[in-house]
Amino acid sequence: MDSIGTQAYAKLLENGVQAIEEVNRLRSSGYTRDDLYVISHDEDREGRIVDAADVNEVGLSEEGLFGAIANLFRSRGDALRFKITSLGFSAAEAAFYEKELDLGKVLVIAKRNPK
C-alpha cells in the first residue's frame, strides 16, 4: 500500500537496502533530508538505516512535547502508530503500516515540511 498525496507519501519495503534505495530515489525527485523518515519496528535497525540513509527521525518537532513524552511509556507498537499519525496519516493507515512493520518491513515516509 503506497499513499501518495500532497501531504505525505509512504512506501513499505522488505529491508534496509531497499529503504535506502527508496530514500535516494525520493532525494533525486526533490525531497530533502528534512522531508524523509524511516520507521522500523526494531529501534536499533531503524537507527542504522536512518544513519546510513541520512534521513530524519520522527521526534519532538513531529510528535510534539506531550506526544514524545507519552511515547516513552507506550508499547513500541503504540509509539509507532503515534509517530505515523503525527506525520499526517490516519489511524487506520497507521494501524496497517504498524502491522506490516511487525512482519519485519521498513516504512519510508516523505513529507514536505513547511518552510
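This passage describes the fold, the sheet, the helices and selected side-chain arrangements of a predicted model.

The protein chain contains 6 helices and 3 strands. Along the sequence, these elements follow the pattern β-α-β-α-α-α-α-α-β. The chain has 115 residues, and buried residues make up 44% of them. Contacts were also examined by sequence separation. Of the contacts with a separation of 6 or more, 62% are between residues 24 or more positions apart.

The 3 strands form an open sheet. Their order is 1-3-2, and the pairing is antiparallel. Strand 1 (9-13) and strand 2 (36-40) are the edge strands. Each of these two pairs on one side only. From one strand to the next, the twist averages 20 degrees. Strand 3 covers residues 106-110 and is joined to strand 1 by 5 bridges. Within this antiparallel pairing, lysine 11 has valine 108 of strand 3 as its bridge partner. Strand 2 is likewise joined to strand 3 by 5 bridges, and these strands run antiparallel. Here tyrosine 37 has isoleucine 109 of strand 3 as its bridge partner.

Strand 3 is mostly covered, with 5 of its 5 residues buried. Its side chains point in two directions. Val106, Val108 and Ala110 point one way, whereas Leu107 and Ile109 point the other way. Residues of both sets are buried.

Valine 106 was examined further. This residue belongs to strand 3. Its relative accessible area is 0%, so valine 106 counts as buried, the cut-off being under 20%. Neighbours within four places in sequence were left aside in listing its contacts. Those that remain include Lys11, Leu12 and Leu13, which fall in the range of strand 1 (9-13). Val38 and Ile39 are also in contact with valine 106, and these positions fall within strand 2 (36-40). Asn15, Gly16 and Ala19 are further contacts of valine 106. The list is completed by Arg45, Ile49 and Leu101. Arg45 and Ile49 are among the buried residues of helix 2. Leu101 falls within helix 6 (residues 91-102). Valine 106 and valine 17 are 89 residues apart along the chain. Their C-alpha atoms are separated by 9.9 Å.

Two helices were considered in relation to the rest of the fold. Helix 6 lies across strand 1, strand 2 and strand 3. The helix runs at about 25 degrees to strand 1. In helix 2 (43-53), the buried residues are Arg45, Glu46, Ile49, Val50 and Ala53. Seen down the helix axis, these buried residues fall within an arc of 135 degrees, so they line one face of helix 2. On the other side of helix 2, the residues Glu43, Asp44, Arg48, Asp51 and Ala52 are exposed.

Aspartate 54 follows in the loop between helix 2 (43-53) and helix 3 (60-63). Its phi is positive, at about 55 degrees, although the residue is not a glycine. Aspartate 54 has a relative accessible area of 41%, so it counts as partly exposed, a class that lies between 20% and 50%.

Aromatic side chains were then compared. A pair of aromatic rings is described by the distance of the centres and the angle of the planes. The structure holds 2 aromatic pairs. Phenylalanine 89 and tyrosine 97 form an edge-to-face pair, 5.8 Å centre to centre and with 85 degrees between the planes. Both of these residues are buried. Phenylalanine 96 and tyrosine 97 also form an edge-to-face pair. Their ring centres are 5.5 Å apart, with 65 degrees between the planes. Phe89, Phe96 and Tyr97 form one aromatic cluster. Tyrosine 97 has 0% relative accessibility and therefore counts as buried, being under 20%. Phenylalanine 96, by contrast, is partly exposed, with a relative accessible area of 30%.

Another ring has a charged neighbour. Arginine 112 lies over the face of tyrosine 31. The distance from the ring centre is 4.0 Å.

Terms used. Residues are numbered from 1 along each chain as its sequence is written. This is a predicted model: local features need pLDDT of at least 70, side-chain atom pairs count only at pLDDT 80 or more; totals for chains, interfaces and linings use all residues. Side-chain values use heavy atoms; hydrogens and water are left out. Two strands pair if DSSP finds at least two bridges between them. Helices (H or I, at least four residues) and strands (E, at least two) are DSSP runs, numbered from the N terminus. Axes are lines fitted to C-alpha atoms, for helices over the stretch in contact, and angles run from 0 to 180 degrees between N-to-C directions. Contact means heavy atoms within 4.5 Å. Buried means under 20% relative accessible area, exposed over 50%, partly exposed in between (1.4 Å probe, protein chains only). Rings of Phe, Tyr and Trp (its six-membered ring) pair if their centres lie within 6.5 Å; planes under 30 degrees apart count as stacked, over 60 as edge-to-face and the rest as tilted. A charge sits over a ring if NZ of Lys or CZ of Arg is within 6 Å of the ring centre and within 35 degrees of the ring normal. The arc is that of the directions from the helix axis to the C-beta atoms.
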